[in-house]
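Welcome to a short guided tour. Open your viewer, switch on the cartoon display, and keep the selection tool at hand.

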Amino acid sequence: MATKGERLPLAAVAAGRDVKVVALTGGQQFRVRALNLGVCPGVRLQVVRGGEGVAGPLLISVGDGRLAIGQGMAEKVWVEYLDADGEQ
């Protein structure tokens, strides 16, 4: 099981976990798309559906909205777990 502060791709995060984006590892086109969706370093989000061991797109909660992102994009978004209080 991953621990607080451990960095991993968003695609490896189990549903229900709160994380903070720490890096975007794709090319410029990917980074622009991620930023336009509100997925950028420092942003907190939650995996609602999908993630670790589940095929298909992930449903994530970002701010007041929800987004579906594909596995390829989720592999390029690096995150770290937050503790129960939302602190890193």
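The stops below go from the sheet to single residues. Keep in mind that this is a predicted model.

**Stop 1: the sheet**

Begin by colouring the strands. You should find an open sheet of 6 strands with antiparallel pairing, in the order β1-β6-β2-β3-β4-β5. Which strands sit at the edges? They are β1 and β5 (65–69), and each of them pairs on one side only. Now rotate the view: on average, neighbouring strands in this sheet are turned by 45° against each other, direction ignored.

**Stop 2: strand β6 and its neighbours**

Next, select residues 77–81, which make up strand β6. In the sheet order, β6 comes between β1 and β2. Add residues 7–9 for strand β1; β1 and β6 pair in the antiparallel sense over 3 bridges. To see one partnership here, pick proline 9, whose bridge partner in β6 is tryptophan 78.

Then add residues 18–24, strand β2, which pairs with β6 over 5 bridges, again in the antiparallel sense. On this side, look for lysine 20, standing opposite glutamate 80 of β6.

Is β6 largely enclosed or largely open? Of its 5 residues, 4 are buried, so the strand is largely enclosed by the rest of the structure.

**Stop 3: glutamate 80 and a salt bridge**

Show the side chains of glutamate 80 and arginine 7. How far apart are their closest N and O atoms? The distance is 3.6 Å, and the two residues form a salt bridge. Because the rule asks for a side-chain nitrogen of Lys or Arg within 4 Å of a carboxyl oxygen of Asp or Glu, this pair qualifies, with its closest N and O atoms 3.6 Å apart. The count for the structure comes to 1 salt bridge.

This pair links distant parts of the chain: glutamate 80 lies in β6 and arginine 7 in β1, 73 residues apart. Try a surface display to compare the two ends. Glutamate 80 is buried, with a relative accessible area of 5%, whereas arginine 7 is exposed, at 53%.

While you are here, select lysine 4, in the segment before β1. Lysine 4 counts as partly exposed, with 47% relative accessibility. Although lysine 4 and glutamate 80 are 76 residues apart in sequence, their C-alpha atoms are 6.9 Å apart in space.

**Stop 4: tyrosine 81 and charges over rings**

Move along to tyrosine 81, also in strand β6. Buried or exposed? Tyrosine 81 is buried, with a relative accessible area of 4%. Now show arginine 17, which lies over the face of tyrosine 81, at 3.8 Å from the ring centre. Valine 13 is worth adding too: from C-alpha to C-alpha, valine 13 and tyrosine 81 are 8.7 Å apart, with their positions 68 residues apart in sequence.

For another charge over a ring, select lysine 76 and phenylalanine 30. Lysine 76 lies over the face of phenylalanine 30, at 5.5 Å from the ring centre. How many aromatic pairs does the structure hold? The count is 0.

Key. Residues numbered from 1 in each chain as written. Predicted model: local features only at pLDDT ≥ 70, side-chain atom pairs only at ≥ 80, totals over all residues. Heavy atoms only, no water. Phe/Tyr/Trp six-rings, centres within 6.5 Å; stacked < 30°, edge-to-face > 60°. Lys NZ or Arg CZ within 6 Å of the ring centre and 35° of its normal. Helix = DSSP H or I, 4+ residues; strand = E, 2+ residues; numbered from the N terminus. Buried < 20%, exposed > 50% of the residue type's maximum accessible area, 1.4 Å probe, protein only. Pairing = 2+ DSSP bridges. Axes fitted to C-alpha atoms, helices over the stretch in contact; angles between N-to-C directions.
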